[in-house]
Amino acid sequence: MSTGERRQHIVAALLLLAALAAWRFSGYAGEDRLGEIAVWAIFAMSLDLLVGYAGLVSLGHALFFGLGAYAMASLALFLKGSPSLALLAGVATAGLSALAIGAIVVRLAGVFFIMITLAFGQMGWAYFLRARAFGGIGGMSGVRQIDLGRLGLDLANPADFALIAIIAAALVYLLLALITASPFGRMLVALHQNEHRARALGLPVQRYKLAAFALAGALAGFAGGLQAQRTGFVSPELLVWTTSGEVLIMVILGGLGTLVGPVAGAAIWVVLRHILSDMTAYWMMAMGLFFIAVVLFAGGGLMGLARPRAAADDA
Amino acid sequence: MDSGFLLLQLLNGLQFAMLLFLLAVGLSVVLGMMNFINLAHGTLYMVGAFVGFAAAERAGSFWAALVAGPPAAAALGAVFYAGLLRRMQQAGAMKQVLVTFGLIFVGIDTVRLIWGDYEQTLPAPSVLAGSVHILGQVYPAYRLFVIALGLMLALILHLGLERTRLGAAVRAGVDDRVMAASLGLDIERAFFAVFCLGCALAGLAGVVAAPVLEIYPGMDMAILIPTLIVVVVGGPGRLAGAFLGALLIGMAETFGAVLVPDFSGFMIYAVMALALLLRPQGLLPARHSS
């Protein structure tokens, strides 16, 4: 474990403690925020695997978030199946779609990779906008909740949801920390840093990229399924390209390739959006300016400020 | 499907293609010469439409919009360039995408702040308000005007690119920027001039689109992605590429909507994905040496 990674884990542990403390002492509104932050944190971490580690800048990651949410919602609704199975099916749907789409898109690089992921994301959005079976532009409401009565929990209650979502985010962090520390994760970073060298060493570059793309897609689908559980509602907005842009900004804000950075980025983004939208009808302008300032002046994100050697890297 | 219907759809497709072409020119030059993705290009289109709308209200004439919109967009573009884009050139694709993504939000809210959150209408000028008979079909005169304007500007731009000094500098810059600069061409200045021209054309597109589409805060987002697709499909940095891409996407969108309505939204993205896979550098790629 490198010193950078040790520092990340310490920050992550502190964040988890802070989240649990906030959960214990905040009221209804705070609990709802915590749940929202935890869901976005999972989504942002999944994108960090792609952008921060594998160096694949996707502007269509919301596709898998949306697919996970729609699969979860529709399976629980139409098939009357168990919602927890539907959540797993959502993860599988997102992961398999990412595998199929990834097989096509990882052949491109740089600006063209950004563009083709944007194209696929928008295809998904355009589909759900029109698909009558999935409620079209209005989406679907009344998503059935997973029954956690045996644990004495009720997901319709924001406090209970927040607790589950925080635990889920912590587990996803652990999973991704293990993956990025594994030989597979090290290879991803290696091919990001110098693809030619990785290729010359005999690394099957495309296959590694594809694996990262599929894994990131599956985790985004998990976040999407949780989002459907949280709001009880899915709509095409989940997949639109600006959602992909927002989650990318969370990752940059916190610090690329740090896992814990995107979690902090998600927290700041969600809290700031709520504060600003309560303050002014023109909150988008403030967010936009904040956004620009972050990209221009905080290259390595928040984690970059804390680290001597920023891993911030441009694709 | 009878031939009259086909003709109408062809004209509709052509009309939309010309709008896309006007927008794509500026975006294409930025991407082709500077390798820079400017997501805020649609913002200039929106600003052109709103400034044009305000001018037309005041003067009581559509033509005032045509005079006021493009320079306003060009001026704003010049500010963008001096303030942000110039220093973003070396920053890498992701940062460029994100900074200009932020600008989109600032742009939309600024327009809401000034003109309110309403849909506005800019009626076509009275000369062009009627309809014209073509081959037994009735077609709005204004839409024919849009087609004619687009074709005319395409010709002027083509001549400008092939016959003028600035055009030669731009072609050299797209082909090999470093070489052109070392031969003593002021690529930076040529690029700035072309960038402002591209912004003016985006503003013009906003004004011209106003009587056909609606004017509202967020209209930029609706047109941005199709424009990006045109540029990517056609091949960044090539005028002919932008023209061909605009025709392809304009027709795909129009015919998609009438032939396969269930997948209409889908069509242009599918065309883009296909084009990127078959010809990753665009249909008419720039002759890059690097």
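1. Let's start with one helix in this predicted model. Helix α9 of chain A covers residues 205–231, which makes 27 residues. At 1.5 Å a residue, α9(A) should span 39 Å, and its end C-alpha atoms are indeed 39 Å apart, so expectation and model agree.

2. Is α9(A) enclosed by the rest of the structure or not, and how many of its residues are buried? Of its 27 residues, 22 are buried, so the helix is largely enclosed by the rest of the structure. Just after α9(A) comes A:Gly232, with a positive phi near 70°.

3. Now step back to the whole of chain A. You can find 13 helices and two strands in this chain. Its radius of gyration is 19 Å, close to the 20 Å that the globule rule gives for 315 residues, so chain A is as compact as a globular protein of that length. Along the principal axes, the C-alpha atoms of chain A fill a box of roughly 50 × 40 × 40 Å.

4. Burial and contacts add to the picture. In chain A, 54% of the 315 residues count as buried. Take the contacts in chain A between residues at least 6 apart in sequence: 77% of them join residues at least 24 apart.

5. Finally, look at where the two chains meet. Here 33 residues of chain B are in contact with 35 residues of chain A. On the chain B side, α4 (93–115), α9 (219–234) and α11 (264–278) each supply at least two residues. The most come from α4(B), which gives 16 residues. By type, this side of chain B divides into 24 nonpolar, five polar and four charged residues.

Note on methods
Residues numbered from 1 in each chain as written. Chains lettered and ligands numbered in written order. Predicted model: local features only at pLDDT ≥ 70, side-chain atom pairs only at ≥ 80, totals over all residues. Contact = placed C-beta atoms within 7 Å. Helix = DSSP H or I, 4+ residues; strand = E, 2+ residues; numbered from the N terminus. Nonpolar A, V, L, I, M, F, W, Y, C, P; charged D, E, K, R; others polar. Rg over C-alpha atoms; globule rule 2.2 N^0.38 Å. Buried ≥ 20, exposed ≤ 12 C-beta atoms within 10 Å, placed from the backbone. Expected span 1.5 Å × (residues − 1).
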